[in-house]
Amino acid sequence: MSRTVNSLILFAAVAALGACATDVTDVIETTELLSVIPAGGATGVDPNEPITIQFSHPVGVGMEQYVVLHEGGVNGEIVPGTWTWSEDRMALTFVPDQPLQAQTEYAIHIGGGLMDSNGNVVDCRRGEGFGGQWVGGGMMGGMGSVSSTMMGQGWQHPNNGTYGMIFTFTTA
């Protein structure tokens, strides 16, 4: 083939590849769970300190309903209090109505269907690195009315079937 034909073929190939390129502004980044304070397994936690959960991107409006604090394990009573978002919706803080009880186990439960502000499920896998445990149906079922209210949409992960993660800690 001639040099001109080779050049035209090369030009056409480059143009075709360029047409397939994705605009980087359209890439949707996964929202990840970055931290939970106190971390799972923590002991000697100050019962007067707030609980803070950090995400990599903004979380959707109303998603705080899928985050609770239980006294004891995942089937324990829900601790009354207020969950408040930071202005950028990347940090969620819980302040109980009354100080937590001393020398008591608590479990922070983050629902598996928690969605970010773009409507994508929040990736909680990093939680395993700071003491999180996946909640299976066996942990949730048949142990009282609390668990049955946490098995619907927002609690169950649409792909892996878990009911989110728990981070268990003990107060001082």
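**Exercise 1.** In which loop does Pro80 lie? Locate this residue in the predicted model, and then determine which residues distant in sequence it touches.

*Solution.* Begin with the chain order: Pro80 belongs to the loop that runs between strand 3 (67–71) and strand 4. Next, set aside residues up to four places away in sequence and apply the contact cut-off of heavy atoms within 4.5 Å; the residues that Pro80 then touches are Phe94, Pro96 and Asp97. Finally, check one of these by a backbone distance: Pro80 and Pro96 are 16 residues apart along the chain, while their C-alpha atoms are separated by 5.9 Å.

**Exercise 2.** Work out the order of the strands in the open sheet, and explain why strand 1 and strand 4 each have one side without a neighbour in the sheet.

*Solution.* The open sheet consists of four strands in the order 1-2-5-4, with antiparallel pairing. Because strand 1 (33–37) and strand 4 (81–85) stand at the edges, each has a single partner strand, and one side of each is therefore left without a neighbour in the sheet. From one strand to the next, the twist averages 15 degrees. Within this order, strand 2 (residues 51–55) is paired with strand 5 (residues 91–96) in the antiparallel sense over four bridges, and Ile53 stands opposite Leu92 of strand 5.

**Exercise 3.** Identify where pLDDT stays under 50, and report the contacts there.

*Solution.* For the protein chain, the mean pLDDT is 83, with 74% of residues reaching 70 or more. Over residues 10–25 the value stays under 50, and the model has one contact beyond four places in sequence for them. Over residues 142–148 pLDDT also stays under 50, and here the model has 10 contacts beyond four places in sequence.

How values were computed:
Residues numbered from 1 in each chain as written. Predicted model: local features only at pLDDT ≥ 70, side-chain atom pairs only at ≥ 80, totals over all residues. Heavy atoms only, no water. Pairing = 2+ DSSP bridges. Helix = DSSP H or I, 4+ residues; strand = E, 2+ residues; numbered from the N terminus. Axes fitted to C-alpha atoms, helices over the stretch in contact; angles between N-to-C directions. pLDDT = per-residue confidence, 0-100.
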